[in-house]
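Biologist: I have a model with a ligand and want to learn how to read it. Can you take me through the features one by one?

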Amino acid sequence: MTYDANNIFAKILRGEIPSHKIYEDEHTLAFMDVMPQVDGHCLVVPKVGSRNLLDAELSTLTPLMATVQKVARAAKAAFKADGLQIRQYNEPAAGQTVFHLHFHIMPMNEGQALRGHSGKMADHGVLAKHAEMIRKSL
Ligand code: 5GP
């Protein structure tokens, strides 16, 4: 399986389509998922292109996991969550729909149900507010 640079996250990284950004550094970008499964659901991607975890270089994963941890802490604090889930899908059989490596961060409260994966598009005003809440907790 090869990497196709026409995927939606590559377009977000190139600034060709908008996103609600939370955090950016030399190697990574974090932004809100447009179809959030919980409030505060966000995504972290490396700037270097790989299809998923299976073809990623170790040098990509080290800064990526540092950003996953940083944003996870901020999302948990911003949403006063009891915990959070980190998810990462590899290949269509496992639920992957966008073929640029990414980690999902989902703040969770006790007994909370998840909305559907790639389900309903959220209101952009709400996503902008949630991105700001997480940014303020970084
Ligand atoms: P996957 O199934 O590949 O792990 O997840 C892809 C995620 O990207 C889904 O949760 C979906 O809601 C999200 N997504 C799909 N298209 C867009 C988009 O254009 N912008 C953003 N911010 N998220 C997207």
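Modeller: We go through the ligand site, then a strand pair, then a loop residue. Keep in mind that this is a predicted model.

Biologist: Where does the ligand sit with respect to the pockets?

Modeller: Start with the space, then look at its walls. Here the ligand takes up the largest pocket. The elements that give two or more residues to the shell around the ligand are α1 (8–13) and β2.

Biologist: Which element gives the most to that shell?

Modeller: That is α1, with three residues.

Biologist: How many residues surround the ligand, and which are the closest?

Modeller: A residue counts if one of its heavy atoms lies within 4 Å. On that basis, 18 residues surround the ligand. The closest are Asp33, Thr97, His102, His104 and His117.

Biologist: How does the shell divide by residue class?

Modeller: Sort the residues by type. The shell has 10 nonpolar residues, seven polar and one charged.

Biologist: Which residues have N or O atoms facing a ligand oxygen, and at what distances?

Modeller: Look for pairs of N or O atoms within 3.5 Å. In the side chain of His117, an N or O atom is 2.6 Å from a ligand oxygen. His102 places a polar side-chain atom 2.7 Å from an oxygen of the ligand. Gly95 uses its backbone: a polar atom there is 2.8 Å from a ligand oxygen. As for burial, the ligand on its own has 520 Å² of accessible area, and the protein covers 92% of that.

Biologist: Now the strands. Do β1 and β2 run parallel or antiparallel?

Modeller: Check the bridges and the direction. Strand β1 (residues 21–24) and strand β2 (residues 28–32) run antiparallel, joined by three bridges. They form a hairpin, with three residues between them. Within the pair, Glu24 stands opposite Leu29 in β2.

Biologist: What does the side chain of Asn90 reach?

Modeller: Place the residue, then follow its contacts. Asn90 lies in the loop between β4 (83–87) and β5 (103–108). Its side chain reaches the backbone nitrogen of Leu53 at 3.0 Å. The side chains of Asn90 and Gln88 are also joined, by a polar contact of 2.9 Å.

Notes: Residues numbered from 1 in each chain as written. Predicted model: local features only at pLDDT ≥ 70, side-chain atom pairs only at ≥ 80, totals over all residues. Heavy atoms only, no water. Pairing = 2+ DSSP bridges. Helix = DSSP H or I, 4+ residues; strand = E, 2+ residues; numbered from the N terminus. Polar contact = N/O pair within 3.5 Å; in protein donor to acceptor, adjacent residues only side chain to side chain. Areas by Shrake-Rupley, 256 points an atom, 1.4 Å probe, with all protein chains shown as cover. 1 Å grid on protein atoms, 1.4 Å probe; cavity = no way out; pocket = protein on both sides within 12 Å on 5 of 7 lines; lining within 4 Å. Sits in = over half its atoms within 2 Å of the grid points. Nonpolar A, V, L, I, M, F, W, Y, C, P; charged D, E, K, R; others polar.
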